[in-house]
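User: Please take a close look at one part of this model: the disulfide. Then set that part against the rest of the chain.

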Amino acid sequence: MKTIKSLIKIAVKPTTIVFTVVSLLGAPVFSACKYGGHLKVAIPGHFTSMDPHLGRSGWDAYLWRQFTDHLVDADRSLNPRPISSLAEKWEVSSNPDALTLTLRKGIEFHDGTPFNAEAVKANIERILDPANSATPRSSLAIIQSVDVLSENKVRLNLSGPWGAGLSQLADRGGAMNSPTAISKLGEDYGAKAVGTGPFVIKEAVQGSHVHFVRNENYWGKDKDGNRLPYLDEVTIRQVKKSSVRTAALRSGEIDLAYASLGDIEAFEADAKFNTSRMEAGKINLMLMFNTKMLDDPNLRNAITHAIDPAFINKAIYFGQNTVADSGMWLPGAWAHDPSVPRPSYNPAKAKDFLKKAGKPDGFEFTMVTFGARKPESEVMQAQLAQVGIKMNIEVMSGKAAGAAFFKEGKFAMYATSFSRYPEPDWAGSNVYKSSGYYNAANLPNPELDALIEKGAALSDIDERKKIYRKVDEIVLGQSIVVPMVYQTFVTVASKKVGNINTVSMHDGKMNFREVCMTE
């Protein structure tokens with residue numbers, strides 16, 4: 001089949017940007033982005049806070065990504081994207097190690113506070129303050145101090161080389177908040193957060209919805225120089241039941257959502273909808289262990305070898321997801337390595353591990369999860385019983401389950417999902433490192449800590465790959481954190497919604513910066 005070349009002509013009107021694709025074999029095909037419109041979105045998960053620094057849930061990012069910008073933004077492949085970054089350029093130096101950022105001029109937070117070097121300093125110091133227990137603190141711990149060099153230039157002084165730095169600034173740690181609003185609102189900031197991003201929070205109702213309106217003073221433009229955002233309004237609703245989300249999409253009550261796994265094929269075949277697929281958009285099912293409570297790796301390995309993720313994928317996920325073949329660095333990320341030995345379903349091996357642990361007849365433990373993971377948990381419970389392991393299940397809200405496991409250390413295992421983080425140091429510093437927020441035990445582990453620090457310091461990707469392979473070998477080999485199933489994301493939207501291929505970010509979270517209405 002011969003390649004068909006197309007000529008793209010762009011015409012800009014006051015309220016419409018028209019992209020005309022002229023095929024060499026036939027008539028023009030049109031798609032149009034109009035300014036204006038109200039996009040209605042549904043997500044199944046709960047949010048804990050709209051504060052990027054102090055929020056704990058991955059679902060929080062579906063909200064804070066709409067009203068914040070990053071010091072260094074990234075594309076889906078985690079390459080720095082200057083066009084959407086608050087820093088217009090950056091310079092890495094050594095002797096001493098530092099990262100110097102030159103900031104864009106003339107940007108203000110939504111409350112009128114200037115975005116400048118002082119604001120960056122306030123944000124970074126807030127994250128690093130132990131009293132705040134900021135979620136990204138471990139991933140920015142290499143920053144020793146922050147110097148304001150001028151109104152628009154700031155230097156991050158480092159304790160050593162930081163190869164992971166630019167990628168880390170594209171996540172929670174690089175999301176900028178208004179220092180004025182933080183000081184003024186105190187504990188209420190999480191419900192009324194203020195950024196520099198394309199949308200402004202108009203109303204937020206916990207457990208229900210968040211309504212955003214256009215930031216009329218937004219600085220950003222698309223690659224063709226058109227001002228952003230296109231949309232006037234975005235409403236993100238929490239709709240837990242997949243059947244309700246599907247019905248709302250078909251009735252037009254909502255315009256866009258990730259398709260429920262059981263509905264993917266029907267939506268992809270329906271001409272009334274556009275779809276965009278992202279494989280391995282997150283970890284849909286992962287087992288995290290409190291190694292202080294369940295301190296024998298043989299017992300943990302007995303659990304992970306007794307569970308059949310392929311059966312769970314078929315029985316619970318309609319066969320639409322992917323059985324995990326590696327660790328927390330998913331397919332598409334450069335650190336993903338499916339050749340690393342990892343636990344796989346093998347009941348005979350599970351029984352061998354029980355014997356090594358001195359418990360040939362099995363043992364009993366309690367895991368915690370949240371409502372959305374109850375079906376999978378019940379399947380795992382039955383599978384574990386086949387080798388003599390009795391697993392009790394405690395079901396809580398997502399927020400309560402996370403607090404009980406990570407902060408209070410009440411349970412031996414947590415069955416959860418986890419966001420896609422292509423930069424391996426995010427999981428390394430926050431999940432595997434002994435000081436990480438998502439490390440429930442926080443036990444000293446000099447070997448892992450040293451590897452993670454070295455991996456974050458290196459700049460050469462091939463050398464970093466070797467380090468993270470060793471990390472995977474330890475974590476998976478001892479069943480400390482074991483992903484079971486990777487999730488497929490399929491964005492479904494009404495035909496009137498354009499640019500849906502821009503919705504899923506490098507972490508799988510939604511961003512509506514460039515989404516538009518076409519009618």
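Analyst: This is a predicted model. The structure holds 1 disulfide. The partners are Cys-33 and Cys-516, with 2.0 Å from S to S. A pair of cysteine sulfurs counts as a disulfide within 2.5 Å. The angle about the S-S bond is -65°, and the link of Cys-33 and Cys-516 is left-handed.

Where do the two cysteines sit? Cys-33 belongs to strand E3, which covers residues 29–34, while Cys-516 belongs to strand E20, residues 516–517; the pair therefore ties together parts that are 483 residues apart in sequence. Cys-33 and Cys-516 are both buried. For each of them, that puts the relative accessible area under 20%.

Now the chain around this link. The protein chain has 519 residues, and 56% of them count as buried. Its secondary structure comprises 14 helices and 20 strands. The radius of gyration is 23 Å, close to the 24 Å from the globule rule for 519 residues, so the protein chain is as compact as a globular protein of that length. Along the principal axes, the C-alpha atoms fill a box of roughly 75 × 55 × 50 Å. The accessible surface of the protein chain is about 21700 Å². Carbon and sulfur atoms account for 50% of that surface.

Contacts across the sequence can be counted too. Take the contacts in the protein chain between residues at least 6 apart in sequence: 68% of these join residues at least 24 apart.

One sheet deserves its own look. Strands E5, E6, E8 and E7 form an open sheet in that order, with antiparallel pairing. Strand E5 (87–93) and strand E7 (143–150) are the edge strands, and each pairs on one side only. From one strand to the next, the twist averages 20°. In general, the strands of a sheet pair through backbone hydrogen bonds.

Within this sheet, strand E6 (residues 98–103) pairs with strand E8 (residues 153–158) in the antiparallel sense, over 5 bridges. Leu-101 stands opposite Val-154 of E8. A helix is packed here as well: helix H2, residues 117–128, lies across E6, E7 and E8. Helix H2 runs at about 170° to E7.

Back to the part you asked about. The link of Cys-33 and Cys-516 is buried at both cysteines. It joins strand E3 to strand E20.

Notes:
Residues are numbered from 1 along each chain as its sequence is written. This is a predicted model: local features need pLDDT of at least 70, side-chain atom pairs count only at pLDDT 80 or more; totals for chains, interfaces and linings use all residues. Side-chain values use heavy atoms; hydrogens and water are left out. Two strands pair if DSSP finds at least two bridges between them. Helices (H or I, at least four residues) and strands (E, at least two) are DSSP runs, numbered from the N terminus. Axes are lines fitted to C-alpha atoms, for helices over the stretch in contact, and angles run from 0 to 180 degrees between N-to-C directions. Contact means heavy atoms within 4.5 Å. Buried means under 20% relative accessible area, exposed over 50%, partly exposed in between (1.4 Å probe, protein chains only). The radius of gyration is taken over C-alpha atoms; the globule rule is 2.2 Å times the number of residues to the power 0.38. Accessible areas come from the Shrake-Rupley method with a 1.4 Å probe; for residues, only the protein chains shown count as cover.
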